[in-house]
Amino acid sequence: LTDARAGVERVERELRALQDRVRRVEHDRERALRETDEVTQRMEALALERTQLDDALATAVREQEDAQGAVDSAQERATTAVSELETARAGDRETRERESLARADLFRADEALTSLQGRVHALEQLERDRVGLAPAASRLLDERDQFGEGAILGPLSDFIGADQGSALLVEKYLGNTVHAVLVRDRGVADAIGEWHKVANPGPLLLLPLDAAPEDVAGEPLPDALSHLVNAAAPASAWVRSLLGHVRAVQDGLAFVDTRGAVWLPGSTAGPGPLRRRAELTELRSDLERLEQLRHEASVTSDAMRDALAASERRVLEAAEAAALAQQGARVAAERHAELGRRVVRATKESQEAASLAERLAARAAELTERMMALDRDAASFAEHMQSHEQAIADARQRASDAERGQDEARDLRAKWQVEQAEARARVQMAVDRERRLTQEVATASQRLAQLREELSELAQSDGALAEQMAAWTLDLETREATLTDGERSLFDAEGAVRLADETNTTAEHALSDSHKRASAVSDELHHAELRFTELSGRRTAIRER
């Protein structure tokens, strides 16, 4: 039976192998047919694609030539734009330098103008405050309202105008006379005299207008001091009288009048009101000139700022134009490079298409030969399958006869296997029971040992507890004795406290009866209070204990 089955299986395996080979051959033949169709279709599509690639290659070559011209033109524009940018930057640098110089000039003009304005303001403040004027004249001007409106016209220096040199000569000659005050008439001068007696402000020179001397000596000298100043009405008569008949010699070291008298002035102190007014006039003139210069510098600076802004715009526009030109050159170069790559890629694709067409033709021939070989193999396999099918039928008949004998032997074997399994089960049950009993004996022995150890530990604990109970009993008796002593001491202390209270009461009554015994009773009371405090503290402590 085994040999028959083996033969049947061997023949069946060979048959299945032949069937598989037949199926594979048919599958290969179908696949070869499909590949042949696909190759044919691809060859047709490839021919069309090669035509398109050739057209695209020609177009790419033409575009590349055009792009080369665009690259040359863009590079030329970029070069021109860069040159214009450099020119604009050079002009911008020159404009910046000029603008910086204009700003420096404006800054210096602002500094000079600010400094001069400070000096002018300071001198104007000194002029308003009449600094340098004689104290009596300054006080008279402060109190001028009490003499009536128009009674006091002002100091002489207010009516004289001169330059710095002339003011110096006039101040040297006049001395303190420069602090004289012009008044309306002699009546006002008399009223001021009464005021001067009372106020006593110091030396004061008054020049009444109605007392101005007549020019009895003739016309002023050609080089008189009066020609060096401008005298405003109504002080012109007094100025001609004071300065019209005297001239300066040796640059103001001496003065000579028409009589021939020589006046040698002393060294002057700081600038007087005439020189301060002359300096203020010159400073105001300088201030106007500096303001004009500052205005011109500001206009120039604004113009340079506008020119700088225009230059910056030109530089920006030139930079943008250069950037655009360079960007155009880059774009043109990139396009030219891209077209070159497209030409290379189209050439490569055309070559690859030609190579692929050759490979497809070779593949089509190969598939044709393979299909012919597969047809031959299919015919051969069909003959082998017929011979193997007959062998399989004979082997199956022999296997059927052997299977019937095998069924009878299998029934006997099954019966014997059942009996053998039952015996093995009974033996296994006995072995398992013996193992469980052994485990239970071991577990009981361990539990017995544990119980014996627990009994020993309990015995030891009982002894320790007995000793602890005896110690606690002894400690309790000691504490009770201590408590009894404490209560006794507390009772004695309370008696002492009551006695101290009675003594304190007696002392207080004695104190109220007589102040003579105050000192002794006070000491006794103090000691009693101390004792009371001590006993109270002891009582509190005993109670707490």
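User: Which residue offers the backbone oxygen that the side chain of threonine 95 reaches?
Analyst: Quick caveat: this is a predicted model, where local features need pLDDT of at least 70, side-chain atom pairs count only at pLDDT 80 or more, and totals for chains, interfaces and linings use all residues. Residues are numbered from 1 along each chain as its sequence is written, and side-chain values use heavy atoms, leaving out hydrogens and water. A polar contact is a pair of N or O atoms within 3.5 Å (within protein, one must be able to donate a hydrogen and the other to accept it, and residues adjacent in sequence count only if both atoms are side-chain atoms). At 2.8 Å, the partner of threonine 95 is the backbone oxygen of glycine 91.

User: Is threonine 95 buried or exposed?
Analyst: Threonine 95 sits in helix α1, residues 2–128 (helices are DSSP runs of H or I, at least four residues, and strands are E runs of at least two, numbered from the N terminus). Buried means under 20% relative accessible area, exposed over 50%, and partly exposed in between, with a 1.4 Å probe and protein chains only. Since its relative accessibility is 9%, threonine 95 counts as buried.

User: Which residues does aspartate 92 touch, beyond those up to four places away in sequence?
Analyst: Aspartate 92 is in helix α1 too, and at 9% relative accessibility it counts as buried. An α-helix has 3.6 residues a turn, so residues three or four places apart point the same way. Taking contact as heavy atoms within 4.5 Å, threonine 95 touches Met304, Ala307, Leu308 and Ser311. For aspartate 92, the list is Leu308, Ser311, Glu312 and Val315.

User: How is α2 oriented relative to α4?
Analyst: Axes are lines fitted to C-alpha atoms, for helices over the stretch in contact, with angles from 0 to 180 degrees between N-to-C directions. Those of α2 (residues 135–142) and α4 (residues 186–199) come within 12 Å and cross at roughly 115°. Angles under 35 degrees count as roughly parallel, over 145 as roughly antiparallel, 65 to 115 as roughly perpendicular and the rest as oblique. So α2 is, relative to α4, roughly perpendicular.

User: Which residues of α4 make the contact with α2?
Analyst: On the α2 side, it's Ala136, Arg139 and Leu140. From α4 come Ile192, Trp195 and Ala199.

User: Which elements do the buried residues of α2 pack against?
Analyst: Those buried residues are Ala136, Ala137, Ser138, Leu140 and Leu141. They pack against β1 (152–155), β3 (181–183), α4 and β4 (206–208).
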